[in-house]
Amino acid sequence: LTPLVTDTVNPNVMAGNIVLILPVAISGLLAGWEKNAWVYRILFGAGTLMITGVLVLTLSRGALIALAIALMVFIVIRWRWGWVLIAIVLIGMTATLYQIGIYPSLEAILSGTSVGSLEARMQLWSRAILIATIFPFTGIGMGMTNQVINQLFPLLSQETIVISHVHNLFLQILVDLGVGGLIGWLATLLLAIFL
């Protein structure tokens, strides 16, 4: 079927928001419920599976790395000997990184994005700050990054590339939703950290 409306939300932006609520669902799954524990475990388990499924489907490497870090912190906080498991995993990752090499590993993490170099990302970040100063209250709207940057603030490269997001979640929220949207998103982030 032909979609009637195209999806303009970037998968990395969606994953960056979803990864905020996943630790809350996991903590509800592992909480020590006194009454009706099985009902809560089923609800939080289903929520954890659905959120994880959507997160994996976004294919956002940054969000998956953030999830891995959050799970490591969760393991250390939840279980007394969790730091031993984390140490074993970190030793294994270090050995793998040594075998593969740092440059090929970074290339694998950064490949496949519209811009991969630090210089190109810094250009995007400067454009994002400029856009935020021009549209501070309303932002440019979700999914409009490519059109606004290519038409109003083109990058220094001669070819027109598809820029679906600015490769920084905080700047992306500021560009899309303005200062009010960023404040609301930061409030959600702080609430998730508090929980």
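## Overall architecture

Of the 195 residues in the protein, 29% count as buried. The model is predicted. Its secondary structure consists of eight helices and zero strands, and the order along the sequence is accordingly α-α-α-α-α-α-α-α.

Contacts between residues at least 6 apart in sequence were also classified by separation: 61% of them join residues at least 24 apart. The exposed surface of the protein comes to about 12900 Å². Carbon and sulfur atoms supply 73% of that area.

## The largest nonpolar core

The largest nonpolar core contains 20 residues. Within this core, Ile131 and Ile149 are the residues with the most contacts. Four elements give two or more residues each to the core: helix H1 (11-30), helix H6 (118-134), helix H7 (145-152) and helix H8 (169-194). The largest share, seven residues, is contributed by H8.

The surroundings of Ile131 can be listed individually. When residues up to four places away in sequence are not counted, Ile131 touches Ile140, Val148, Ile149, Phe153 and Val175. Ile149, one of these partners, is the residue named alongside Ile131 for the most contacts inside the core.

## The second core

A second nonpolar core, separate from the one described above, has ten residues. Among its members are Ala15, Leu22, Ile51 and Ala63.

## Leu67 and its environment

Leu67 lies in helix H3, which covers residues 61-78. Is this residue buried or exposed? Leu67 counts as buried because its relative accessibility is 11%, and the cut-off for burial is under 20%.

Beyond its neighbours within four places in sequence, Leu67 is in contact with Val19, Leu22 and Leu55. Of these partners, Leu22 is also listed in the second core. Leu55 is separated from Leu67 by twelve residues in sequence, and the distance between their C-alpha atoms is 9.3 Å.

## Helix H4 and the residue after it

Helix H4 spans residues 82-100 and has 19 residues. From its first C-alpha to its last, H4 reaches 27 Å, which is close to the 27 Å expected at 1.5 Å a residue. As general background, an α-helix has 3.6 residues a turn, so residues three or four places apart point the same way.

Which residue follows H4, and what is the sign of its phi? The helix is followed by Gly101, and the phi of Gly101 is positive, near 105 degrees.

Note on methods. Residues are numbered from 1 along each chain as its sequence is written. This is a predicted model: local features need pLDDT of at least 70, side-chain atom pairs count only at pLDDT 80 or more; totals for chains, interfaces and linings use all residues. Side-chain values use heavy atoms; hydrogens and water are left out. Buried means under 20% relative accessible area, exposed over 50%, partly exposed in between (1.4 Å probe, protein chains only). Contact means heavy atoms within 4.5 Å. Accessible areas come from the Shrake-Rupley method with a 1.4 Å probe; for residues, only the protein chains shown count as cover. The expected span of a helix is 1.5 Å times one less than its number of residues. A nonpolar core is a set of buried Ala, Val, Leu, Ile, Met, Phe, Trp, Tyr and Cys residues joined through side-chain atoms within 4.5 Å.
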